[in-house]
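Subject: Structure handover

Hello,

Here is the structure I said I would pass on. My notes on it follow below.

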Amino acid sequence: MTNLGNEAWFKDPALTRVFALLNSDGEGRVVGGAVRNSLMGLPVSDIDVATTLTPEQVIERAVAAGIKAVPTGVAHGTVTLVIDGKPFEVTTLRADVETDGRRAKVAFSSDWRTDAERRDLTINALYVDAKGDVIDLVGGLADIEKRNIRFIGDAATRVAEDYLRILRFFRFFAYYGSGRPDADGLRACASARAKLKTLSAERVWSELRKLLSAEDPGRALLWMRQVGVLSEILPETEKWGIDTIPTLIGTEQALAWKPDPLLRLAAIIPPDADRLEKMAARLKLANAEAAWFKAWAKAPVINDELSSAALSRLLYRHGADGINTRLKLALATARGKAEGDTQEMARSARLGKLLELAENWKKPQFPINGGDVMAAGVPAGKQVGETLSVLENAWIEENFIPDRAALLARLKDLVG
């Protein structure tokens, strides 16, 4: 039997206390991501625990043991135990009573197999008991060994229970899968893809954002496109290639860029301000995310032969975010074409230098303000702004060189 008893996370004294709390007149087992990641040799962060005890029993025992218990989701069977500052989500075993594709009504259970079989993917339904033994009731160990992402039981049934599982299937494939996705899973996702419209925009974007944050989401996006799922949630990609993703990922890895889900999304959709505004509204992006896409769409296309002074002027007028995005995508494209092409290699080098300048650029402070203009004799009103604009535009075109004294002298001449 596979045993994880020697893993550092398993030997944590805080987890030992959780087991001791749950395993007298009951049973607790670690479940899900910690087990999966440990078996795959990946870092373990959050530790979730399943138990035969009810939430009330968990809370009662925690209080008696002096352990903080937070009722984070009692209605769904979840209590969070906090030990030495570490949270452990403890959830009572459950059985689905009713599902409608968006949410499930559940009943508490004490049957481990029933609890396992109601979960989505085999690799997420493995348990570890207090001895460290891995308990596999759904064939998850074999799938982990093959890096096969597979629904538990009938794929179509699992998807119909919660249509978000369509996106989870591809997200877990992006993170943990290898080779070709499971054929039954692909068919089930393709058949039910129209049901994605019944889900809340927040759930869809949250799942898509996680997928785009994978080390390399390229293969998952390709299969999503193949079966029509990508077009269902991102119609903006229909007439726009996703072949830029491999070159972007390669550039990220070569230049040590941190994976950015927004940049990766930008790589597969057109920089059309109207369409991006509609996409942001449809997916209910956060205000900062919507502003990021707007800045990208409105930023000018950057000529790779642009001088550093000209780039500074553009950065001042348009802001750094949108221009940095333009430069990163252009650089990734150029690097993708550079092998054996001296012109693209040179273009790539120039874009790299421009990007370095843009990333280190600090916006200069315009040395005068409206108070200076009024002190020079311009009456309060729109003429103040117009005068400032004339001086600022000249200051920008002169590469921000004129200082406050020079600008005040010009202001005096302008007013006179």
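To start with charged side chains: Asp304, Glu344, Arg347 and Arg350 are linked in a network of salt bridges. Please keep in mind that this is a predicted model. Side chains of opposite charge can pair when their charged atoms come close. In total the structure holds 24 salt bridges, and I went through three other pairs one by one.

Salt bridges within a helix

One pair is Glu117 and Arg113, whose side chains form a salt bridge with an N to O distance of 3.8 Å. The two residues are separated by about one helical turn, because they sit four residues apart in helix H4, which covers residues 112-117. Glu117 has a relative accessible area of 36%, so it is partly exposed. Arg113 is also partly exposed, because its relative accessible area is 42%.

Another pair is Glu161 and Arg158, and here the N to O distance is 2.6 Å. They are three residues apart in helix H6 (residues 155-161), so about one helical turn separates them. Are these two residues buried or exposed? Glu161 counts as buried, because its relative accessibility is 13% and the cut-off for buried is under 20%. Arg158 has a relative accessible area of 11%, so it is buried too.

A salt bridge between distant parts of the chain

Arg282 forms a salt bridge with Glu236, and their closest N and O atoms are 2.8 Å apart. This pair links distant parts of the chain, with the two positions 46 residues apart in sequence: Arg282 is in helix H14 (residues 273-283), and Glu236 is in the loop between helix H11 (229-233) and H12. Arg282 counts as partly exposed, because its relative accessibility is 34%. Glu236 has a relative accessible area of 5%, so it is buried.

Asp120 and its neighbours

Asp120 is placed in the loop between H4 and strand S8 (126-128). With a relative accessible area of 8%, Asp120 is buried, because the cut-off for that class is under 20%. Which residues does Asp120 touch, leaving out those up to four places away in sequence? They are Arg150, Phe151, Ile152, Arg158, Arg165 and Arg168. With the side chain of Arg168, the side chain of Asp120 makes a polar contact of 2.7 Å. Arg158, from the pair in H6 described above, is also among the residues that Asp120 touches.

The second largest pocket

I also looked at the second largest pocket, which holds about 360 Å³ of space. It is lined by 19 residues, and those closest to its centre are Trp296, Arg326, Leu329, Ala330 and Thr333. What kinds of residue make up the lining? It divides into 12 nonpolar, four polar and three charged residues. Helix H12 (244-255) and helix H17 (320-337) each supply at least two residues of the lining. The largest share comes from H17, with five residues.

Thr325 lies in that helix, H17. Its relative accessible area is 4%, so Thr325 is buried. Not counting residues up to four places away in sequence, Thr325 touches Leu263, Ala266, Trp292 and Trp296. Trp296 is also one of the residues closest to the centre of the second largest pocket.

Two other positions

Asn6 lies in the segment before helix H1 (13-22). With a relative accessible area of 68%, Asn6 is exposed, because the cut-off for exposed is over 50%. Asn6 and Leu141 are 135 residues apart along the chain, and their C-alpha atoms are separated by 18 Å.

Ser200 is in the loop between helix H8 (183-191) and helix H9 (201-212). Its relative accessible area is 31%, so Ser200 is partly exposed. Ser200 and Leu164 are 36 residues apart in sequence, and from C-alpha to C-alpha they are 9.6 Å apart in space.

Regards

Technical notes: Residues are numbered from 1 along each chain as its sequence is written. This is a predicted model: local features need pLDDT of at least 70, side-chain atom pairs count only at pLDDT 80 or more; totals for chains, interfaces and linings use all residues. Side-chain values use heavy atoms; hydrogens and water are left out. On a 1 Å grid over the protein atoms alone, a cavity is a set of points where a 1.4 Å probe fits but cannot get out, and a pocket is an open set with protein on both sides within 12 Å along at least five of seven lines; lining residues have an atom within 4 Å of a point. Grid points are joined across faces, edges and corners, and a volume is the space filled by probe spheres set on the points. Ala, Val, Leu, Ile, Met, Phe, Trp, Tyr, Cys and Pro count as nonpolar, Asp, Glu, Lys and Arg as charged, and the others, Gly among them, as polar. Buried means under 20% relative accessible area, exposed over 50%, partly exposed in between (1.4 Å probe, protein chains only). Contact means heavy atoms within 4.5 Å. A salt bridge is a side-chain nitrogen of Lys or Arg within 4 Å of a carboxyl oxygen of Asp or Glu. A polar contact is a pair of N or O atoms within 3.5 Å; within protein, one must be able to donate a hydrogen and the other to accept it, and residues adjacent in sequence count only if both atoms are side-chain atoms.
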